Structure formats: C-alpha cells, structure tokens
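Trainee: I'm new to this structure and would like to learn how to read it. Could we go through it together, one question at a time?

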Amino acid sequence: MATCEVSFVSKFSDLTRLPDARGHFGPYGGRFVSETLSFALDELEKTYLSLRDDPDFQAEFDYDLAHYVGRPSPLYHAERWSKRLGGAQIWLKREDLNHTGAHKVNNTIGQALLAKKSGKPRVIAETGAGQHGVATATVAARLGLECDVYMGAADVQRQKLNVYRMRLLGANVIPVTSGTQTLKDAMNEALRDWVTNVDNTFYIIGTVAGPHPYPMLVRDFNAVVGREARRQSFEEFGALPDALVACVGGGSNAMGLFYPFVEDDDVVMYGVEAGGDGVETGRHAAPLSSGAPRGVLHGNRTYLMSDEGGQVSDTHSISAGLDYPGVGPEHALWKDLGRVNYVAANDTQVLEAFRELTHVEGIMPALESAHALAYAKTLAPTLRPDQNIVVNLSGRGDKDIMTVANLDGIEF
Amino acid sequence: MTAQTMNRIDQCFANLKSQGRRALIPFITAGDPGPEYTVGFMHALVEAGADVLELGVPFSDPMADGPVIQKACERALKRGVRLSHLFEMVHEFRQTDTDTPVVLMGYLNPMERIGLEAFTEQAAAAGIDGVLAVDMPPEEAEELGPLLESRGLASIFLVAPTTSEERAATICAHGQGYLYYVSLKGVTGTATLDAADVSAHLAPLRGMTDLPLCVGFGIRDGASAAEVGKVADGVIVGSALVSRIAANTETPEAIPGELKAVLGEMRQALDALSD
C-alpha cells in the first residue's frame, strides 16, 4: 500500500511552468485573433497576472468559493458502486454539489472578479449545455452586471430548462442560428460581440480554450478542484489516487482536476471524450481520441476536427456540453507527451452509466460527467480493490432529465 | 521590410503614387454563389476600376465577419469550394490578367490543413501576390511569414482602432504590401465608419511606415469611399459588393453588372480626389 511517497525526479516536472510568455503550450495555444481583440487580451493578461499573486484578490476568490459556491466539495466514496464493479474503489469529486450545479462556477466567479476589477459593466458568455451560461448569469446577477449569453439554437431546444434559468437570473439568452447551431457557433458569435463591444464588455469564456490568457486563467480558477481532491485523497485513503478520470469537451473540469496532479508521475489520468455514435462512425466529438489533425480555431492552435479542406467538422454527442470540435491546447500537449490517456465513451455507454449511478448511489450525474463514469466502469474492474480512482462528477443531471425522458418516450 | 523583387502589389502602389491616385480594393468570397462565376467577377471588378483584388477563402467559422460574408462563405461551402479551387480560379484569371495583384484573405485553418509549405507553394504557382490571414497577428506568423517571403508573397496584416502604438510598430515592421486598417470595432459589414476617427488613427502610422495605408470595414458607397480616400492610400470594400451577389444568386448573370455599378461609383469618387 503506497504511503505518501515523494518522487524526487518527475518526468513531467516542467508542465506547471506552462504556458510560455506568449501563451503557448509547446506547439499549441497562442493568440490567433483578429487584431481588434489583441489589445483587450493584452489588457486581460496584465490584469490577471497582477492579481494572480495578490493576497487580497485570492482571499476574495477563496471567500466566494467557500461562502457562495459551498466549497470544498466532498470527495465521496461510491462504495456500493465500487463493490458492484468489483475492482478499485471509486471516489466521486462532487462538483455537482456546487451552487449552480457544476464546476463551471469556479471559473465564472474568478472571471467575474476580473471583470469587476477591469470596471466593465457588461459580461458575455457562450454556452453549450447551459451550465456555463447559468454560472455566468448567476455571478452577473450577484455583481449587478449586464449579461448576454450566446447559445446555439439547437442547444436552446435541447436545454430548455437552463435557458429558462438564465432568463430568470436576468440574462439575455441569444440563440445562434449560424453554422451547426451548437457550442462552436455560440463561441463565434460571442467573439463577434466582443470585437464590437470590447470597450465595455468582458468575455467570460467557459473552457480552457480560446486565445491566451484564457486557457491559463480558466485552468487556474478550476484547479481548486484538483487541489482539494489531492488533499482529500490523503485524508480519505492516505495516498495519492491511482487514477483520475474526467470528461473532456473543451476540457475545463478535467484540467481543474488533473493540473494539481500533473507532476505526480504515478497518478494515471484518463480524459474521456464524447464518442457520440462511436468514434469509428465519424459521428462524435472526440478530437483527441479519434486522431484529428492540428488546427486553429477560436484563438488557439490545438487538435481540431476538420475536413481535408480545413472546414471545421460537425460534431455529435448526446451531451451539449461536450459537443465541440476542438479541445483546450494544454490537453493537446498532454496527449503528445503521453501524460494523459484520452479515450472516448459513446452515447449508449453514457446513458447506461447515467442510469447506473442514479440507481446505485442515488446521485444523478450530468450527461457530460456520465462520460467519465462510463470509463470508470471499464477501468475499475481492471484494478485491485485496494486501489483508488477519483472521478470528477463535474455536474448534476437535473438539466438532462428531459433528454433522458424523451429517449424513454416520455413527454411532459 | 527585406529587399525582394518588386511584386505586383508594390508595383501597383508605386504606379498609383506616381499618378496621385488612391487604390480601390474590392473583396469577394471565392466560389460565391458558385465556383464557375468567380473569375468572371474578378475581371468585371478590374474593368470597373479595381487596383488590387482581395479574394476571400470560404471558412466554416468566419469569426471576424458579419452576416453578409458569413452567408457568402456558406454559399461557397455548399458548393464544395476549397483552397484548391481558389488556386485554380486565380490561375485562370492570370491567363488574361497578368498585372492586377490578387491577395488571398481568410482564416488560418484551411491554410494550415493543407500544410503551410504546400499552401505557399501552390499560392505562388497560381499567381497570388499576398496573403492576409485574419486570425494570425504578426506574433503568430513565425512559420507562415518566412515561407511567404521566400516565394515573394506579401504578408499583409491588420491594424485596428484598439492597436497600441507599440503593437502598431511591430505590425509595421512585419507588414508587407499594404497595411489594412480596420476602420471600426466590430465585424465586417455592420456599421458606418467615422472618417475623422480614421484620420486620427492613420496619422501616427505614417510616421512608422512607408507601407501604403488602406482602410476597410464600413465603406458602402462613393461618398464613404471618398471620405476615406482623403486620408488613406486605398479603400477596401467587401460587404457592399457581397450583398449585391447575395441579392442576385438566382440571376448570377446580372452580378457582374451589379458589382461594376457599386465599384464604378467608388472609382469615380476616388478619382475626383486625385491630386
């Protein structure tokens, strides 16, 4: 049984020094934007770098996480499910218990504080499943900021509950009818808004993608998940976890969990992408595990699903929050270095895991998070009962009840 | 700017300068409303007085563009237009027009997807003279910039109202061909420019570079072209032309005439300014 071992030479000890000064993670990341936004990104970077190590700012952030979000979130031993799977012990990092129901709020609290410090009276956001939109609308309501949320028209249809939540919170939800009408198009439209209203508007990006400094600051604001999980692992089972599992769309919840462990070589990590109908069918949203080429979209270079002509591909997933053709640039680097194993879970496996956790543990996961659970289900039996897997339960499933009910043929 | 044999863009601006004229630079999306029309449109634009042609590469996610050019991209993509077709179009155009510079304007991903080296080689072979990658500021041009330069193609960059003086100096140091000044904060085709504001922003750039300063975004007609022409070396017009294409997709044979009417009015207005 491993105790608190310290590895003196880590294979991956340089990874926490990234990005470089220009926002690059090896060949990925960067700042690929039209010139009008360069100034705003420079400004944001300066603001963030000056506040990152400012104790007052950190204290304000920590206070909000404790008293508004309800952190720390528990690390819950899914004992019954572990026993049923017959292998490693599964521990769920309960981000679903956060205020607004997902990890997304960690980042929006942080960015809203930056918006406040920048004196911008208006925030905008893109959203897929609506979790980031809800989290943004929530902090905007609290700080009295004007809030517009861009959401693909197809997602507005499949996430009606979150749309209404955002409206109740006082946000204006703008359906985006261009392109594929999903998350990537919402992000295009948010960028168009930002370039037009850059003087008075702060763009709260919801994932570890976008132009530098977004991948860095979204990572930093979400890293609280992994810091807590690391501490809780020692408290609960007296060792580092043997494996971490998290779903990856843009990759913010996975980044949040993985980052504080990235230099712990012995902790094996699995990022689970949206396999849709199956990676082999081409109808998925899994750029890393399907071997998609490198590309440039939304301000950064990364792995990107695109056709031979460089047109961005349509994606398919049961979960709107993972329905994105790219992935955060730091994940792209971690794939190349072999630091994280990127795998996929398809829609059928995801629904099965969704139902199983609900039945066995009384916890209804978001369909996004159910991707991580689906992989944990495969992984656990391959490990010993004295080994431990931490799964990021990144969000709760209330928002997905309609989707699942419709699949069951139930109309409300 | 390093020395190179004078390409068509430099030649064109040298001629215009000696004549005291402003450059008129139309933009159309290649392959809109279908690939078979583009070369004809290019010739029509030259007949109506274009000095340089900007040819847009259709892209699925044109983040810096307003609805007019987004829809043009969608029309072209629906017809399956890709970079290889665009190279064929320019090649065909060059059979009868060897003088008018052609600048390829688009987003980086289609260029990267075929490989930047192959892209540069094919662009040069087709007779393209410059490349403006909208989402590639000079800081990110480390790879494409030298490749373009090695083939005598100009790297053209944007300068915006929000660009700091420090950044403007960097952009001027890297830019070739001409500087594309974006007249307003926003996407293409959505607002009206403020000529006094443009003038105020161009003045410091004059002290930084000898590159011709061309202004785009918000130029709709002869009057706005003339306003800008008073302070700039060239005017760039895109959405005003592309919206004429959009209005005539059912009668594409009418489009060359429509384009000529819009551009011709601007040509007249600009030539009335000539000193």
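Trainee: How many residues does the contact take from chain A and from chain B?

Mentor: Let's begin there, keeping in mind that this is a predicted model. Residues count as being in contact when their C-beta atoms, placed from the backbone, lie within 7 Å. The contact takes 30 residues from chain A and 31 residues from chain B.

Trainee: Which element gives the most to the side of chain A that touches chain B?

Mentor: Four elements of chain A each supply at least two residues of that side: β2 (28-32), α1 (38-52), α8 (183-196) and β12 (294-297). By class, the side of chain A that touches chain B has 11 nonpolar, 13 polar and 6 charged residues. The element that gives the most, with 6 residues, is α8(A).

Trainee: Now to the interior. Where does the largest nonpolar core lie with respect to domain 1 and domain 2 of chain A, and why?

Mentor: This core has 223 residues, and among those that touch the most other members are A:Val245, A:Phe258, A:Val272 and B:Tyr180. Helix α14 (residues 367-379) of chain A gives the most to the core, with 8 residues. Domain 1 (25-67 + 104-218) and domain 2 (72-101 + 223-407) of chain A both give residues to this core, so it lies between them.

Trainee: Leaving aside its neighbours within four places in sequence, which residues is A:Phe258 in contact with?

Mentor: A:Phe258 belongs to helix α11 (residues 252-258) of chain A, which makes a right-handed β-α-β unit with β9(A) and β10(A). With the close sequence neighbours set aside, the contacts of A:Phe258 are A:Gly226, A:Leu244, A:Ala246, A:Met269 and A:Val340.

Trainee: Is strand β10 of chain A largely enclosed or not, and why?

Mentor: β10(A) pairs in the parallel sense with strand β9 (residues 243-247) over 5 bridges, and also with strand β14 (residues 340-346) over 7 bridges. A residue is buried if 20 or more other C-beta atoms lie within 10 Å of its own. In strand β10 (residues 268-278), 8 of the 11 residues are buried, so the strand is largely enclosed by the rest of the structure.

Trainee: Which residue takes a positive phi in the hairpin of β10(A) and β11(A)?

Mentor: β10(A) and strand β11 (residues 283-285) of chain A run antiparallel and are joined by 2 bridges. In this pairing, A:Gly278 stands opposite A:Arg283. The hairpin has 4 residues between the strands, and the residue with a positive phi, near 80 degrees, is A:Gly282.

Definitions and conventions:
Residues numbered from 1 in each chain as written. Chains lettered and ligands numbered in written order. Predicted model: local features only at pLDDT ≥ 70, side-chain atom pairs only at ≥ 80, totals over all residues. Buried ≥ 20, exposed ≤ 12 C-beta atoms within 10 Å, placed from the backbone. Pairing = 2+ DSSP bridges. Right-handed = clockwise from strand over helix to strand, strands pointing away. Core = buried A, V, L, I, M, F, W, Y, C linked by C-beta atoms within 7 Å. Domains from an automatic or database assignment. Contact = placed C-beta atoms within 7 Å. Nonpolar A, V, L, I, M, F, W, Y, C, P; charged D, E, K, R; others polar.
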